Amino acid sequence: MKLWGGRFIKEENSLVNQFNASISFDQRFYRQDIHGSIAHVTMLAKQGILTDSEKQQIVEGLEGILTDVENGTLEIDPAAEDIHSFVEAVLTQRIGDVGKKLHTGRSRNDQVALDMKLYIRDEISQLDSLLKNLLHALLTIIESNLETYMPGFTHLQKAQPVTVSHHFGAYFEMFLRDRSRLSDIRKRMNTCPLGAGALAGTTYPLDREYTASLLGFDCATRNSMDSVSDRDYLIELCSAMATVMMHLSRFCEEMILWNSNEYQFVELDDAYSTGSSIMPQKKNPDIAELVRGKTGRVYGALVSILTTMKGIPLAYNKDMQEDKELVFDAIDTTKGCIALFTGMLETMKFNKEIMEKSAANGFTNATDAADYLVNHGIPFRDAHGIVGRLVLYCLDRGIALDDMSLEEYKAISPVFEEDIYDAISLKTCVEKRTVLGAPGPSAMAKVVVEYKKLLEE
């Protein structure tokens, strides 16, 4: 029996029924749907719309359904139109006509809006927890590698020496911002739509603020039309997850490069790699590649829901049912990718000697050679030109700046003295960068203290 069947004479076409039904995916809401209904009938009894006896029967019936679904003794009927009609039908079967009073003062429109908000609120908490675990894994690496030298890159070209701590600290900042975005979304969406009805509220004397408080919302929504047609928080969440995935994808791209034979900066654990069916020597970074690939899938969810919502007039329209599968898939994908990436990171090994050797070869200390000249009275623009000539000299001979003799230095500029070698050593290049945000160990150590405080909050 459809919740809306009284108006219709003919049976719904079977294909239409299948096309219209949402039980295959909104059954995820069973827990949220039941909790929302319990809060609703509790409020109805408080307002005298239901008797205390009716409330007790309905609440006990709903709690029994929840228990039976979770222990597997009650299977959700795939033939039901949606999770709301399934719960109400089972409730009425179990407690009789009093179960039909469950829907007093509400519509499926505000009911599904509530369920979605409750579900998303729970999922945001899980996403945040996964990101926090990832940040802890990053912090362990950062703390352990304050003096692990490596080349920093711009344009994928070696630029200046940094440390693994500093490089990974950049990703720490990204994922911190991701957590902040999730927190902002949760605050903004934490208003209760229940009581908005189909679009125009109800004539029953509901206490919407009481319902909101029972369900952990900050307040009730202020406009009933917006309450049932708002999907902004889903768009914001998809945008936030797309940003998380973009950060993961950038990180994966670097790990894929660093794991290659050409770099050999890191070695991925066997548990997060696969082999080739034909080439026995291969160890492929498939997990990193899949995370990179699945980023497009989450992007697709964001673009799809934006496209779905762009032409919908107020208030509720069936188009909005399309939000669920998109968002569910994006959430599942993002959660899985964060968890797998964290495991990959925790088991990854750094080839520190290779990283340091790479930093030493590639003129990453050229800027420091220019700074040396500036500190000896040469204008920076002239110093830049002198060091450019040094680099050309080294390239012609296949050597590094560190390999030049003092006589070769002086032939290009008499300002150079014996202390040039200390000035351009990797240790000096990194350690003298002590301003906030720089790679120097002393600067990074202060940042680590801040990171720990942020993770404890």
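1. A good place to begin is Leu138. Setting aside residues within four places of it in sequence, Leu138 is in contact with Phe168, Tyr171, Phe172, Phe175, Phe251 and Leu345. Please keep in mind as you look that this is a predicted model.

2. Where does Leu138 belong in the wider picture? Leu138 is among the residues with the most contacts inside the largest nonpolar core, together with Ile120, Phe168 and Leu248. That core has 100 residues. Helix 10, residues 232-258, gives the most to this core, with 16 residues. Notice that Phe168 appears twice in this story: it is a contact of Leu138, and it is also listed with Leu138 among the residues with the most contacts inside the core.

3. There is also a second, separate core, made of 22 residues. Among its members are Tyr372, Ile386, Val387 and Ala423. Try finding these four in the structure, and keep Val387 in mind for a later point.

4. Next, look at a pair of helices. Helix 6 (residues 108-144) and helix 12 (residues 323-347) have axes that come within 9 Å and cross at roughly 15°. Angles under 35 degrees count as roughly parallel, and therefore helix 6 is described as roughly parallel to helix 12. The crossing of helix 6 past helix 12 is left-handed. What kinds of residue make up the contact of helix 6 with helix 12? They divide into 18 nonpolar, 4 polar and 5 charged.

5. Compare that with another pair. Helix 3 (residues 30-46) packs against helix 5 (residues 83-95) at an angle of about 60°, and their axes are 10 Å apart. Helix 3 and helix 5 are therefore oblique to each other. Their crossing is right-handed. Helix 3 brings Tyr30, Asp33 and Ile34 to the contact, while helix 5 brings Ile83, His84 and Val87. By type, the residues of this contact divide into 4 nonpolar, 1 polar and 1 charged.

6. Stay with helix 3 a little longer, since Thr42 is found there. Is Thr42 buried or exposed? Its relative accessibility is 18%, so Thr42 counts as buried, the cut-off being under 20%. Apart from neighbours within four places in sequence, Thr42 is in contact with Lys55, Tyr210 and Leu214.

7. Arg179 is worth a look too. This residue lies in helix 7, residues 164-189. Its relative accessibility is 15%, so Arg179 counts as buried. What does Arg179 touch, not counting residues up to four places away in sequence? The list is Asp128, Leu131, Lys132, Leu135 and Leu455.

8. Ile287 sits in helix 11, residues 286-309. With a relative accessible area of 19%, Ile287 is buried. Not counting residues up to four places away in sequence, Ile287 touches Tyr272 and Leu340. For a sense of distance, Ile287 and Ala400 are 113 residues apart along the chain, and their C-alpha atoms are separated by 37 Å.

9. Last comes Glu450, in helix 19 (residues 441-456). Glu450 has a relative accessible area of 46% and is partly exposed. How far apart are the C-alpha atoms of Glu450 and Val387? They are separated by 37 Å, with the two residues 63 apart along the chain. Val387 is the residue you met in the second core.

Terms used
Residues are numbered from 1 along each chain as its sequence is written. This is a predicted model: local features need pLDDT of at least 70, side-chain atom pairs count only at pLDDT 80 or more; totals for chains, interfaces and linings use all residues. Side-chain values use heavy atoms; hydrogens and water are left out. Axes are lines fitted to C-alpha atoms, for helices over the stretch in contact, and angles run from 0 to 180 degrees between N-to-C directions. Helices (H or I, at least four residues) and strands (E, at least two) are DSSP runs, numbered from the N terminus. Angles under 35 degrees count as roughly parallel, over 145 as roughly antiparallel, 65 to 115 as roughly perpendicular and the rest as oblique. A crossing is left-handed if the near helix is turned anticlockwise from the far one by less than a right angle, and right-handed if clockwise. Contact means heavy atoms within 4.5 Å. Ala, Val, Leu, Ile, Met, Phe, Trp, Tyr, Cys and Pro count as nonpolar, Asp, Glu, Lys and Arg as charged, and the others, Gly among them, as polar. A nonpolar core is a set of buried Ala, Val, Leu, Ile, Met, Phe, Trp, Tyr and Cys residues joined through side-chain atoms within 4.5 Å. Buried means under 20% relative accessible area, exposed over 50%, partly exposed in between (1.4 Å probe, protein chains only).
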